[in-house]
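Explain how the helices pack in this structure. Take the pairs one at a time.

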Amino acid sequence: MLGQPRVSDVSRRAFLRVSGAASALVAAQIVSEPMLARAAAPKVASPGAVRIDSNENPLGPSAQARAAAAAILPEGGRYNDELTEQLEKLLAESEGLPAAYVRAFPGSSNPLHYSVTAFTSPQKSYVTADPGYEAGMHAADTAGARIVKVPLTQDHAHDVKAMLNAAPDAGLFYICTPNNPTGTLTSHSDIEYLVEKKPKDAVVLVDEAYIHFCDALSAIDLVKAGKDVIVLRTFSKLYGMAGLRCGVAIARPDLLDQIHAQGGWNAMPVTAVMAAKASLEERSLVAERKRINASVREQTFRWLSANNIAYIPSVSNCFMIDTRRSAGEVISAMAKQNVLIGRVWPVWPTWARITVGTQAEMEKFQAALERTLKGTFTASVAPVRTTRRRYADGIALPG
């Protein structure tokens, strides 16, 4: 199996067989983190706003990545597919996989959406955690699949046994670890258990968008073992490339072919490809950025504890706090102070997600939150903005 042809060659041919109308329908429904964050924002950010609402990395691309992106600009008039193949090969080699097991996308939202529409249907359910990252639910809605939301365990991990029991008809189990929004881990042993006990035709999608911020074991070893597992990675988080758009799906070539049959191939932005390649080649980058994020996060946790504000301990670049009242009202009050914090999950109406920013940003967040919770901020509070178009769980998306 490890010697199969490169998936890029196979999938591009498969993509061309998909009708233009079908591809447009699938692509039109893709939901992403920036879209969800924008939908929940009470207002447009003012200049100088503290933006800790979208799980972005305030450090941006590394100096080497910025230099690589700038250097390729003169060749920006070409699609340069060979550069994408170089990136796929580099990442595959770093993980001990053939290049055919890795496929690059403009971010990880596309392969997440395409995986869900490929493996769920009116007969095959989509199973996710609650609270969990919502984008897959919107994809499942597009596929007409039943959406099964399973509460997290007491230590905020995915409850894999409950997920199995809740959906014997599952087509895809979605595991985000560290989880968005809680920043908590699901153990590798639990993921292994899910893979072994799942329905025969089901797939386990492990979203590792935030794994670089912690020391957790990756599920890529399950891909190497030939299991029905798809792993997603992105350069948007630790690598600071959210605005450049680069991510990868890692899986057996036959699974990648099914993803691509949903319309999943297109030329990559060359700036993103070269910045991602430079980031992978910068060996000390992950450790250094993990250290910076952890330092700011733990300082913030100490402040929250000192002020008796409940939070969920996280190993990621986001965490949840208990606002002790309607979280939507707190989000709006914070925005009035030019501090944008993350959205509300319906299952936890008094909790809000916070992204880890710079130390200076988190100090401004602390000051604004203290004023808000103590009632010393008196500006009128506008309700959270809504829009014409609504999706599942009351999440409003731009219409």
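Helix 6 and helix 7 are oblique to each other, because their angle lies outside the ranges for roughly parallel (under 35 degrees), roughly antiparallel (over 145) and roughly perpendicular (65 to 115). The model is predicted: local features need pLDDT of at least 70, side-chain atom pairs count only at pLDDT 80 or more, and totals for chains, interfaces and linings use all residues. Residues are numbered from 1 along each chain as its sequence is written, and side-chain values use heavy atoms, without hydrogens and water.

Helix 6 spans residues 109–119 and helix 7 residues 135–143. Their axes lie 8 Å apart, at an angle of about 40°. Axes are lines fitted to C-alpha atoms, for helices over the stretch in contact, and angles run from 0 to 180 degrees between N-to-C directions. Helices are DSSP runs (H or I, at least four residues), numbered from the N terminus. The crossing is right-handed. Leu112, His113, Val116 and Thr117 of helix 6 make the contact (heavy atoms within 4.5 Å). Helix 7 contributes Ala135, Gly136, Ala139, Ala140, Thr142 and Ala143.

Now the second pair. Helix 5 (residues 81–94) and helix 12 (residues 270–281) have axes that come within 9 Å and cross at roughly 25°. That angle makes helix 5 roughly parallel to helix 12. Their crossing is left-handed. Among the contact residues are Leu83 and Leu87 of helix 5 and Val273 and Leu280 of helix 12.

Last, helix 11 (residues 253–260). Its buried residues (under 20% relative accessible area, 1.4 Å probe, protein chains only) are Pro253, Leu255, Leu256, Ile259 and His260. Seen down the axis, they fall within an arc of 155°, so they line one face of the helix. The arc is that of the directions from the helix axis to the C-beta atoms.

Methods: Buried < 20%, exposed > 50% of the residue type's maximum accessible area, 1.4 Å probe, protein only. Helix = DSSP H or I, 4+ residues; strand = E, 2+ residues; numbered from the N terminus. Left-handed = near helix turned anticlockwise from the far one by under 90°.
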